[in-house]
Amino acid sequence: MDIRQLECFLGVASELHFSRAAEKLFIAQPALSRHIQQLEEELDVLLFERDKRNVKLTSAGAYLQKEAIRILSQLDYIKQRTQQVHKGEEGELRIAHPGSAVYSVLPTLLSALKLYFPKIRTALSEVLETKLFESLHNYQVDVGFVREPIPDKYLNSRLVFEEYFSLVVPPNHVLTKENFKGLHQVKDEPFILPPRYAGSVYHDILLKMCEREGFLPNIIHESNFGTTILKLVENNLGVSLLPSSYRYGSAINVRFIDLEMLPDRTQLSLVWRKDDTNPILHNFLNTAQSVDFRASIQYPQT
């Protein structure tokens, strides 16, 4: 029993007329009759009761009709799913990201991905940048967002977003947007910043911002997680410098003072394995390239 035999059988079962079924199936009537005969011989049953005027299904034929419809529908579904997987339209993509990406690029990008490829699933993990490159090399993730792409002959990277920094102070702090003149006004304040790693461009940017104002920050607490830093600032344990996107959607009670007048910017890049041929990954990368992240993020007024 093969697919063509089932298609021929369903054609006759639908029309209850061999000639009309042959026309709809684009097959000669003798060939159609042979398919039905071979199917009946293989199953050792009579599928149709027929005389010179009428054709009708036997009870065995009626049962086979229901099952054949189900089987062919399932085969069509499997064919469609297989094509979707081949084209990268269905499956799972593992994405690593820093916490700040949740407040900036991730919601917009995932919304666009859902619009274009609704059957792609994503598995998100907040990963420290020091571990992200290792996770890529070990095939634990497929793509990641990083603030500091490093030269790596096995990885590709692409800049997707750039933003300015904000000074983050407790809600009752004397500094406001109106009376802020420069970072020198917090030179005597305790700071809460990410720890410095070897070759950490991000940390060096933060230090240079303070050095231009004539001081080095007195770092009393360190954390790799922006939400932790915000919570410590909220509890009057110090001030911080963070990407401005942290204030987008943050419910923590702190004050953000924009530093867009300064030349310093922090960048967010996508990084992935050069040899990765996964079509889902490339659909994701193409989607990211089509999104105007800056236009899609509306910073609240402070």
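The following exercises, each with a worked solution, concern a predicted model of a protein.

**Exercise 1. Overall form**

Task: Work out whether the protein is spread out or compact, starting from its radius of gyration.

Solution:
- Step 1. The secondary structure of the protein consists of 10 helices and 11 strands.
- Step 2. For 302 residues the globule rule gives 19 Å, whereas the radius of gyration is 32 Å, well over that value, so the protein is more spread out than a compact globule.
- Step 3. The spans of the C-alpha trace along the principal axes can be set beside this result: they are about 105 × 40 × 25 Å.

**Exercise 2. Burial, surface and contacts**

Task: State what share of the residues is buried, what supplies the exposed area, and what share of the contacts joins residues 24 or more positions apart.

Solution:
- Step 1. Buried residues make up 46% of the 302 in the protein.
- Step 2. The exposed area is about 16400 Å², and 51% of that area comes from carbon and sulfur atoms.
- Step 3. Take the contacts with a separation of 6 or more; 74% of them are between residues 24 or more positions apart.

**Exercise 3. Charged side chains**

Task: Give the numbers of positive and negative side chains, and say how far apart the centres of the two sets lie.

Solution:
- Step 1. There are 34 positive side chains and 37 negative ones.
- Step 2. A distance of 4 Å separates the centres of these two sets.

**Exercise 4. Strand S11 and its partners**

Task: Decide whether strand S11 is enclosed or open to the outside, then identify the strands that pair with S11 and the sense of the pairing.

Solution:
- Step 1. Strand S11 covers residues 265–273, and 7 of its 9 residues are buried, so S11 is largely enclosed by the rest of the structure.
- Step 2. One partner is strand S5, residues 143–146, which pairs with S11 over 4 bridges in the antiparallel sense. In this pairing Val 143 is opposite Trp 272 of S11.
- Step 3. Another partner is strand S6, residues 155–169, also running antiparallel to S11 and joined to it by 9 bridges. Here Glu 163 has Thr 266 in S11 as its bridge partner.

**Exercise 5. Two residues with positive phi**

Task: For Asp 44 and Asn 236, give phi, the location in the chain and the exposure class.

Solution:
- Step 1. Asp 44 is not a glycine, yet its phi is positive, at about 60°. Asn 236, likewise a residue other than glycine, has a positive phi near 60°.
- Step 2. The loop that holds Asp 44 runs between helix H3 (29–43) and strand S1 (48–50). The loop that holds Asn 236 runs between helix H8 (226–234) and strand S9 (240–243).
- Step 3. The relative accessible area of Asp 44 is 68%; the cut-off for exposed is over 50%, so Asp 44 is exposed. Asn 236, at 46%, counts as partly exposed.

**Exercise 6. Two residues between S9 and S10**

Task: Compare the surroundings of Ile 252 and Tyr 248, and find a residue far off in sequence for each.

Solution:
- Step 1. Ile 252 sits in the loop between S9 and strand S10 (255–258), and Tyr 248 is also placed in the loop between S9 and S10.
- Step 2. Buried means under 20% relative accessible area; Ile 252 has 18% and is therefore buried. Tyr 248, with 33%, is partly exposed.
- Step 3. Neighbours within four places in sequence aside, Ile 252 contacts Thr 227, Leu 230, Lys 231 and Glu 234.
- Step 4. Ile 252 is 81 residues from Pro 171 in sequence, with 9.7 Å between their C-alpha atoms. For Tyr 248 and Ser 104, 144 residues apart in sequence, the C-alpha distance is 7.3 Å.

**Exercise 7. Two positions on helix H4**

Task: Classify Leu 75 and Arg 81 by exposure, and give a C-alpha distance for each.

Solution:
- Step 1. Leu 75 belongs to helix H4, residues 59–86. Arg 81 is in helix H4 as well.
- Step 2. Relative accessibility is 34% for Leu 75, which counts as partly exposed. Arg 81, with 30%, is partly exposed too.
- Step 3. From Leu 75 to Ile 3, 72 residues away along the chain, the C-alpha separation is 9.4 Å. From Arg 81 to Gly 91, 10 residues away along the chain, the C-alpha separation is 9.8 Å.

Definitions and conventions
Residues are numbered from 1 along each chain as its sequence is written. This is a predicted model: local features need pLDDT of at least 70, side-chain atom pairs count only at pLDDT 80 or more; totals for chains, interfaces and linings use all residues. Side-chain values use heavy atoms; hydrogens and water are left out. Helices (H or I, at least four residues) and strands (E, at least two) are DSSP runs, numbered from the N terminus. The radius of gyration is taken over C-alpha atoms; the globule rule is 2.2 Å times the number of residues to the power 0.38. Buried means under 20% relative accessible area, exposed over 50%, partly exposed in between (1.4 Å probe, protein chains only). Contact means heavy atoms within 4.5 Å. Accessible areas come from the Shrake-Rupley method with a 1.4 Å probe; for residues, only the protein chains shown count as cover. Lys and Arg count as positive and Asp and Glu as negative; His and the chain ends are not counted. The place of a charge is taken as NZ of Lys, CZ of Arg, CG of Asp or CD of Glu. Two strands pair if DSSP finds at least two bridges between them.
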